[in-house]
Amino acid sequence: MTRLEDTIFNTIDDKKIEPYSRSLILLRRLVFWTLITFSIILGALSFATVLYISANNQWDTLAFMAEHRPFAFLHGLPFLWLLFTAILMYGIYKEIRSTKTGHHYEFITVVIVILATTGVLGFALYSAGFGHRVDQFSGYLPGYRPIEIKNRELWTHPEHGIIAGYIIATSSNAFILEDFKNATWTIVYATSHAPIIENARLQDQVRILGVPYEDQEIHLCAVMPWQAKGTVRPIQTIGERKVEFVRSNECEAQFKLRRPLQH
Amino acid sequence: MEYEHYTDEELIEHTLENKEVFRYIITRYEGKLRRYVRRITSVPEQDIDDILQEVFIKAYKNLRDFDSEVGTFSAWIYRIAYNNTVSVFRRRSARPEYLCLDDNESLLETLRADDDVLQEVEAREFAERLARAIARLPSAYRDVIILSYFEEKSYKDISDILKIPMGTVATKLNRAKQKLKQLLESNTKL
């Protein structure tokens, strides 16, 4: 019997050390795998939020607003969620690596599996409206503004002819728009936009780029649907997605279009 | 009952019924683990005893967590020893400056066969230089060299002990040998 063997057995006897029971080992494994599952779901939810914010970031029209909103290009970039997703993916990677057989797989294999799982699950959750829910729920956090709120703020600049809201009445060459602050605006449109507006329904949500005039009047340069992808409930809006500008000098001047519109 | 000839797995099974059998596991691994710990750290002998005590008690507590389908008991207990030792030398910055070669003529033979670097050098002198060269290797390379040549572990066991893929073990071992060769062939005083 060696000295070390004696010391070990004295410690085992003195402290009444026993091998951990099978149920405790199973419980430990269960907790560990629950943690991994939870991390994967959280990572997918975070990625769903990245998708939701990216899908609703208004990048199709930000270029036209750059003159009035110099840092508009930063709008809707989901930095926080991308960072959160990356941190969670790293956590999942470390957790998988620390399993009994996690080290048997090459780095690239583990990374691809994590990316694919998070990507597919994240897309499914985004399609089911969970990205929207998470973004909205995060609005309760101090300093966090959901993309919906940011978009509404971005599109509430009637002084620059940038406005969004609900169509509440239509006539032959104009319609009434109620913005998100409940102010009403008369939007006068040219014949080129008539086919779009005539197809619009009351309560459709739209975005407007135009030239502001007095008496709450705006001359329409472009009309687009209010973007609402991956939302819990579909939002009623017009069908056209293309940004169709009215070919006029005042529109060209108002939005400092890089290339003059072709007449 | 005579347990000397039992396999590790059989000893574990019997230990779970009679803790006295654990003495055979200690006897079987004390020497090997002591040499291994001495090779990967430069803590005093007393501290090595403390490390080993922790290793065996941790192994005893977690005996039911050992899964023979995943790897060997030897790799499992070496993994515990490696983790404990690393955490001790991280706390104390006790990285080895010189590697204790002990009775490792087999290592010299292996390297001789592998690299043919011993042709013109006296074996003992070379062993001294080799020990210093190994100690100067980055820890990731030193770990695989020690496990492969000193502890004579298989790639699978090294993979389980260091928790890296087997492909990485092979790559690291290859690079470690190249680095060792460079160190030994350079004029740097070792």
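How many bridges join β2(A) to strand β3 (residues 174–179) of chain A? Five bridges join them, and the two strands run antiparallel. The model is predicted. This briefing covers the paired strands of chain A, two loop residues of chain A, and a helix contact in chain B.

**Strand β2 of chain A and its partners**

- Strand β2(A) spans residues 162–170 and pairs with strand β1(A), residues 156–157, in the antiparallel sense over two bridges.
- Within that pairing, A:H157 of chain A has A:I162 in β2(A) as its bridge partner.
- The hairpin of β1(A) and β2(A) has four residues between the strands, and A:G161 in the turn has a positive phi of about 75°.
- On the pairing with β3(A), A:G165 stands opposite A:D179.
- Three residues make up the connection of the hairpin that joins β2(A) to β3(A).
- β2(A) is also joined to β5(A) by five bridges, again with the strands running antiparallel.
- In that pairing A:A164 has A:R207 in β5(A) as its bridge partner.

**Strand β6 of chain A and its partners**

- Strand β6(A) covers residues 217–225 and is mostly covered, with seven of its nine residues buried.
- Strand β5(A), residues 205–213, pairs with β6(A) in the antiparallel sense over eight bridges.
- One position in the pairing with β5(A) places A:Y213 opposite A:E217 in β6(A).
- The hairpin of β5(A) and β6(A) has three residues between the strands, and A:D215 takes a positive phi near 60° there.
- Strand β4(A), residues 184–188, pairs with β6(A) in the parallel sense over three bridges.
- In β6(A), A:E217 also has A:T186 standing opposite.

**Two loop residues of chain A**

- A:N57 is found in the loop between α2 (22–55) and α3 (59–65) of chain A.
- Is A:N57 buried or exposed? A:N57 has a relative accessible area of 3%, so this residue is buried.
- A polar atom of the A:N57 side chain lies 2.7 Å from the backbone oxygen of A:S54.
- A:P146 has its place in the loop between α6 (130–137) and α7 (147–154) of chain A.
- A:P146 counts as buried because its relative accessibility is 9%, and the cut-off for buried is under 20%.
- Leaving aside neighbours within four places in sequence, A:P146 is in contact with A:D135, A:Q136 and A:G139.
- A:P146 and A:R29 are 117 residues apart along the chain, and their C-alpha atoms are separated by 37 Å.

**A helix contact in chain B**

- Two packed helices are described by the angle between their axes and the distance between the axes.
- In chain B, the axes of helix α2(B), residues 22–40, and helix α7(B), residues 139–150, come within 11 Å and cross at roughly 150°.
- The crossing of α2(B) past α7(B) is right-handed.
- From α2(B), the contact is made by B:Y36, B:R39 and B:I40, and from α7(B) by B:D143, B:I146, B:L147 and B:F150.
- Five of the residues in this contact of α2(B) with α7(B) are nonpolar, two are charged and none are polar.

Notes
Residues numbered from 1 in each chain as written. Chains lettered and ligands numbered in written order. Predicted model: local features only at pLDDT ≥ 70, side-chain atom pairs only at ≥ 80, totals over all residues. Heavy atoms only, no water. Axes fitted to C-alpha atoms, helices over the stretch in contact; angles between N-to-C directions. Left-handed = near helix turned anticlockwise from the far one by under 90°. Contact = heavy atoms within 4.5 Å. Nonpolar A, V, L, I, M, F, W, Y, C, P; charged D, E, K, R; others polar. Buried < 20%, exposed > 50% of the residue type's maximum accessible area, 1.4 Å probe, protein only. Pairing = 2+ DSSP bridges. Polar contact = N/O pair within 3.5 Å; in protein donor to acceptor, adjacent residues only side chain to side chain.
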